[in-house]
Amino acid sequence: MGALSEFRLLSPASAAEAVRLRGAHPASRFIAGGTDLLPNMRRGLVGAEVVIDLAGIGEMREVQHTGDVLRIGARVTLATLAADATVLARLPALAQAALAVAGPTHRNAATLGGNLCLETRCQYFNQSEHWRQANQYCMKLAGDVCRVAPKSSRCYAAFSGDVAPALLALGADVEILGPQGVRRLPLAEFYVDDGMRWLALGPDELLLAVTMPLANGWVSTYEKLRVRGAIDFPLTGVAVALRRDGDTIGELRIACTGVSSRPEFIAGLDELAGKPLDDAALATAERHIKRGIQPMETTLVSVPYRRRATPVLAKRLVRRLWDEGS
Amino acid sequence: MKTLLRLSVNGRLREDAVAENALLLDYLRDTLGLTGTKQGCDGGECGACTVLVDGQPRLACSTLAHSVAGRRIETIEGLSTEGNLSRLQRAFHEHLGSQCGFCTPGMIMAAEALLRRNPQPSRDEIRAALAGNLCRCTGYVKIVESVEAAAACDEVSA
Ligand SMILES: Cc1cc2nc3c(=O)[nH]c(=O)nc-3n(C[C@H](O)[C@H](O)[C@H](O)COP(=O)(O)OP(=O)(O)OC[C@H]3O[C@@H](n4cnc5c(N)ncnc54)[C@H](O)[C@@H]3O)c2cc1C
Ligand code: SF4
Ligand code: FES
Ligand code: FES
């Protein structure tokens, strides 16, 4: 396997300096834990003349708990996140999602920001240079045609991060730092359904932190299906957050990963508010999930399996939370 | 471009001129000749390159050498003292936790971090801590038994 291409490594001490360096070097990339970027660079999937290391930026490593809001710096590692007392007690979906990423050794390095900005994945893209060359490449890199959908003008590579769906279900916002200062976005607006441009992040912008409410009365969970019990990316992943109102649904939120080019917040579930959780309600949820996701042949595991398994997993989690939330 | 890297490797402070794009794995193997740390895959998949950074297991193949400047690195070579195997090394040897041996340095470093944190782990805790380390030979049972055997021996490792 190839060594890394030549690059300069810059190590800014502040987020503002990181953004300035990113603006000054157009062919640059940020590196956080490096567990996505470095393997991708070694496979020739990503190139950079300058790599900007976020490791030395203390302000991005903080977890702050103010009032009813939790703010987590983008440079916080997934191991730290999964062991945080507030996260474990109040936001179980987030702890479970962080623990579901890769293997334990990855999680000691891997960060929240890197997970949210993860490169989209496809069986025709995440391959060695030789493999991709033998298959005449594809549109996402160096080729003209999408191998998954040859007539398509867009790439369907799947967003496969585990943490984003949990944060979508928990109602998180992102803080983005650019040359003009900080802007805030609901996490859903941070993503675009396009395998080649999946982030609404400008070329000189940095994901600074994620904030989320610590609301009372909610229960939440995250689970994924994968080929092996450890290390593997999700074939499909589902996060559910539920607020139960006695014997009826107060609010139900479902978000999925691995089944579109962005983590998918399932729309339309507000129609279930005020209804009991019965077979009809679960069938409605299933209908909205099937409408919301679009798995494509980006993994070796088939599209029909991922299409059917996603609502089955979601309904299982909703039932479990319903019992927990009573 | 090479710049100066200062860090500690197996207890010795070092200062080396290291390329900015060098992986920790290449620095350990090629610059320092510490070839106990293995490269088993093309990046992040197998755990054979596991070393400890400030006591925590990290993948040397997915870590830039300069990103661990000032930190404490431990490799498999640092475990034995004066020619005596550590308790984990001995347990892997005696309980057949190692066959071809390629995964063994990574397994032992991940297990070493576990035993320092949790001296009496359950079988499930051992399996969880080694979940990122692949072995193509043993079927894992003997590896888990080796870690249990090391935990059972009172002696504190070097
Ligand atoms: C074998 C293997 C298995 C894996 N399994 C999973 C899995 O099951 N689930 C999963 O979700 N992931 C998985 N991953 C991918 C990866 O390990 C994780 O997603 C990890 O959280 C990425 O974080 P990082 O800090 O290492 O990111 P990096 O590699 O440092 O960065 C990833 C990308 O994000 C950008 N970036 C990082 N931080 C910021 C920031 N603050 N602002 C703007 N851009 C930023 C980088 O430029 C880069 O493009 C796996 C990886 C491997 C090698
Ligand atoms: S979806 Fe199509 S264009 Fe995108 S990576 Fe896969 S084959 Fe390439
Ligand atoms: S060499 Fe395989 S994970 Fe590092
Ligand atoms: S002993 Fe051969 S790979 Fe584990």
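1. In this predicted model, the largest cavity is the space that ligand 2 takes up.

2. The surroundings of ligand 2 come from chain A. Four cysteines are found there, namely A:C122, A:C138, A:C146 and A:C155. The aromatic residues A:Y124, A:F125 and A:Y156 also surround ligand 2, as do A:M139, A:K140, A:R147, A:V148 and A:A157. By residue class, this shell holds 10 nonpolar and 2 charged residues, with no polar ones. The two charged members are A:K140 and A:R147.

3. Ligand 1 has 36 residues around it, of which A:F30, A:T35, A:L37, A:T111 and A:D162 come nearest. Which chains contribute to this site? Residues from chains A and B surround ligand 1, and the site is therefore shared between chains.

4. Polar backbone atoms of chain A approach ligand 1 at several positions. At A:F30, such an atom is 2.6 Å from an oxygen atom of the ligand; A:F30 is also among the residues that come nearest to ligand 1. At A:A32, a polar backbone atom is 2.8 Å from an oxygen atom of ligand 1. A nitrogen atom of ligand 1 is involved at A:I231, where the distance to a polar backbone atom is 3.1 Å.

5. The interface between the two chains deserves a separate point. Contact involves 25 residues of chain A and 27 residues of chain B. Together, the chains bury an area of about 2,300 Å², and carbon and sulfur atoms give 53% of it. On the chain A side, A:R42, A:T105 and A:N108 lose the most area to chain B, together accounting for 25% of what that side buries.

6. How many salt bridges does the rule find across the interface of chain A and chain B? There are 3. A salt bridge is formed by A:R43 with B:E45, whose closest N and O atoms are 3.5 Å apart. Across this interface, 8 residue pairs are in polar contact, with both residues at pLDDT 80 or more.

Note on methods: Residues numbered from 1 in each chain as written. Chains lettered and ligands numbered in written order. Predicted model: local features only at pLDDT ≥ 70, side-chain atom pairs only at ≥ 80, totals over all residues. Heavy atoms only, no water. Near = heavy atom within 4 Å. 1 Å grid on protein atoms, 1.4 Å probe; cavity = no way out; pocket = protein on both sides within 12 Å on 5 of 7 lines; lining within 4 Å. Sits in = over half its atoms within 2 Å of the grid points. Contact = heavy atoms within 4.5 Å. Buried area = accessible area lost by both parts, 1.4 Å probe. Salt bridge = Lys/Arg side-chain N within 4 Å of Asp/Glu carboxyl O. Polar contact = N/O pair within 3.5 Å; in protein donor to acceptor, adjacent residues only side chain to side chain.
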